[in-house]
Amino acid sequence: MAKASSNGAFELSVKQEEPTLVPPVEETEKGLYFLTNLDQNIAVIVRTIYCFKSDSKGNEESAEIIKDALSKVLVHYYPLAGRLTISSEGKLIVNCTGEGALFVEAEADCAIEEIGDITKPDPVTLGKLVYDVPGAKNILEIPPLVAQVTKFKCGGFVLGLCMNHCIFDGLGAMEFVNSWGETARGLPLKVPPFLDRSILKARNPPKADFPHHEFAEIEDVSNTAKLYEEEMLYRSFCFDPEKLEKLKKAAMEDGVLPKCTTFEALSAFVWRARSKALGMKPEQQTKLLFAVDGRQRFRPPIPAGYCGNGIVLTNSLCSAGELLENPLSFSVGLVQEAVKMVTDGYMRSAIDYFEITRARPSLAATLLITTWSRLSFHTTDFGWGEPILSGPVALPEKEVILFLSHGKERKSINVLLGLPASAMEVFEEQMQF
């Protein structure tokens with residue numbers, strides 16, 4: 001039985017077997033596989049879990065079926081069976097060796113319901129459902145795809161994935177996992193992958209035609225680093241349709257903005273709330289970063305099934321004083337400008353900017369919002385129906401806030417974040433409106 005730890009909290013016990021390699025079932029292309037500058041920018045490990053439980057089907061064959069389907073789907077997605085390495089230009093590239101994805105079978109000592117509320121990132125509990133490569137010193141030592149199937153006593157199971165963001169953005173990852181599910185059910189792929197990433201390579205010669213403040217290093221004049229020495233607290237805040245509507249009304253009530261989207265209002269609202277919670281001085285510059293899907297914004301648009309990063313980071317920059325002293329419409333306006341900025345020219349310029357400078361986006365005095373609320377991870381089906389729950393294991397960086405869709409019709413948005421304890425108290429107060 002799952003035991004309570006000394007402080008009475010639930011402690012999940014998971015027994016992992018030795019990992020095995022799952023290569024593609026057929027011979028696949030070998031050699032080096034190009035990753036674009038948009039892929040280079042976000043080479044972080046993303047851990048997600050999918051919880052399945054069916055009334056009509058137990059979990060006895062779950063690992064077998066998922067593993068078998070993986071070997072088949074890797075024929076289409078063969079770069080995932082390779083290994084990351086560094087190219088002669090000093091960039092990340094995939095060496096398509098065909099050695100395979102890493103696969104682990106595991107057993108938990110409790111029912112799936114006992115892991116509780118996975119809408120809140122909980123690296124300690126949920127981390128046990130994803131396999132960490134022991135002793136890996138950097139991302140080159142972690143295969144692009146690591147999968148763990150954990151069977152629970154109740155007949156349910158969890159698929160825990162560890163994938164590198166340089167291989168997929170959210171949409172690409174979702175299409176891959178859905179293709180894997182289709183393969184498990186013996187169906188053809190709805191969206192076969194488009195693997196040629198050279199369509200987004202830098203121009204020759206590269207030219208950065210736009211300013212790229214997303215890379216700007218901001219001085220922490222408010223000394224927020226000191227706050228981060230405190231204990232970190234993780235919370236999720238649910239914004240139901242009613243609350244989201246209220247927020248949009250508040251953004252437009254002074255008549256400055258003719259319209260605004262849910263994303264714009266919510267992003268502006270949490271940017272302000274977090275800046276206040278961190279006690280930023282009025283003169284402190286603060287930056288909001290978020291990804292815009294460029295697939296339809298490139299000219300010509302990117303083909304369906306493109307599995308690399310089709311997202312581009314855009315930004316808003318102002319002082320904390322401007323952010324907090326002005327009405328909400330001011331910060332929403334900044335978010336709208338940042339969205340508008342993302343044109344084909346801007347995105348090509350961002351690709352070339354990296355080619356010239358090799359700069360990484362800076363997260364100092366920055367909030368990075370990542371939106372999963374438009375991704376249909378909940379549609380994945382390996383033969384046990386759609387997941388009863390799915391979501392991230394942890395937030396990749398302390399500067400990241402995650403938007404996840406929530407509820408039966410996915411009309412609500414869960415805002416997930418971590419803050420130092422004293423800052424979280426201030427943030428929570430502002431969520432009551």
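This passage describes the largest pocket, the strand pairing and the salt bridges of a predicted model.

The largest pocket encloses about 1,200 Å³ of space. Its lining comprises 49 residues, of which His165, Ala291, Ile311, Thr370 and Trp372 are the closest to the pocket centre. By residue class, the lining of this pocket divides into 31 nonpolar, nine polar and nine charged residues. Two or more lining residues are contributed by each of the strands β6 (45-52), β11 (157-164), β13 (285-293), β14 (311-319), β15 (366-371) and β17 (400-406), and likewise by the helices α4 (170-184) and α7 (262-277). The largest share of the lining, five residues, is provided by β13.

Several of these lining elements are also connected through strand pairing. Strands of a sheet pair through backbone hydrogen bonds, in either a parallel or an antiparallel arrangement. Strands β13 and β15 run parallel and are joined by four bridges. Within this pairing, Leu289 has Leu368 of β15 as its bridge partner. Strand β15 is in turn paired with β17, again in the parallel sense and over four bridges. Here Leu368 stands opposite Val400 of β17. Leu368 is thus placed in both pairings, with Leu289 as its partner in one and Val400 as its partner in the other.

A separate arrangement is an open sheet of three strands in the order β5-β8-β7, with antiparallel pairing. Strands β5 (31-33) and β7 (83-86) occupy the edges of this sheet; each has a single partner strand, so one side of each is left without a neighbour in the sheet. On average, neighbouring strands of the sheet are turned by 45 degrees against each other, with direction ignored. The antiparallel pairing between β7 and β8 (residues 92-96) extends over four bridges, and in this pairing Leu84 is found opposite Val94 of β8.

A search of the whole structure identified 19 salt bridges. One of them is formed by the side chains of Asp39 and Arg197, with an N to O distance of 3.0 Å. This pair links distant parts of the chain: Asp39 belongs to helix α1 (residues 37-40), whereas Arg197 lies in the loop between α4 and α5 (224-227), and the two residues are 158 residues apart. Both Asp39 and Arg197 are buried.

Two further salt bridges involve residues of other accessibility classes. Glu141 and Lys137 form a salt bridge in which the closest N and O atoms are 3.7 Å apart. Glu141 has a relative accessible area of 35% and is therefore partly exposed, while Lys137, at 70% relative accessibility, counts as exposed. In the salt bridge between Glu399 and Lys398, the closest N and O atoms are 2.8 Å apart. Glu399 is buried, its relative accessible area being 11%, whereas Lys398 counts as partly exposed at 39% relative accessibility. In addition, salt bridges that share partners join Glu89, Lys91 and Glu355 into one network.

Conventions:
Residues numbered from 1 in each chain as written. Predicted model: local features only at pLDDT ≥ 70, side-chain atom pairs only at ≥ 80, totals over all residues. Heavy atoms only, no water. 1 Å grid on protein atoms, 1.4 Å probe; cavity = no way out; pocket = protein on both sides within 12 Å on 5 of 7 lines; lining within 4 Å. Points joined across faces, edges and corners; volume = space filled by probe spheres on them. Nonpolar A, V, L, I, M, F, W, Y, C, P; charged D, E, K, R; others polar. Pairing = 2+ DSSP bridges. Axes fitted to C-alpha atoms, helices over the stretch in contact; angles between N-to-C directions. Salt bridge = Lys/Arg side-chain N within 4 Å of Asp/Glu carboxyl O. Buried < 20%, exposed > 50% of the residue type's maximum accessible area, 1.4 Å probe, protein only.
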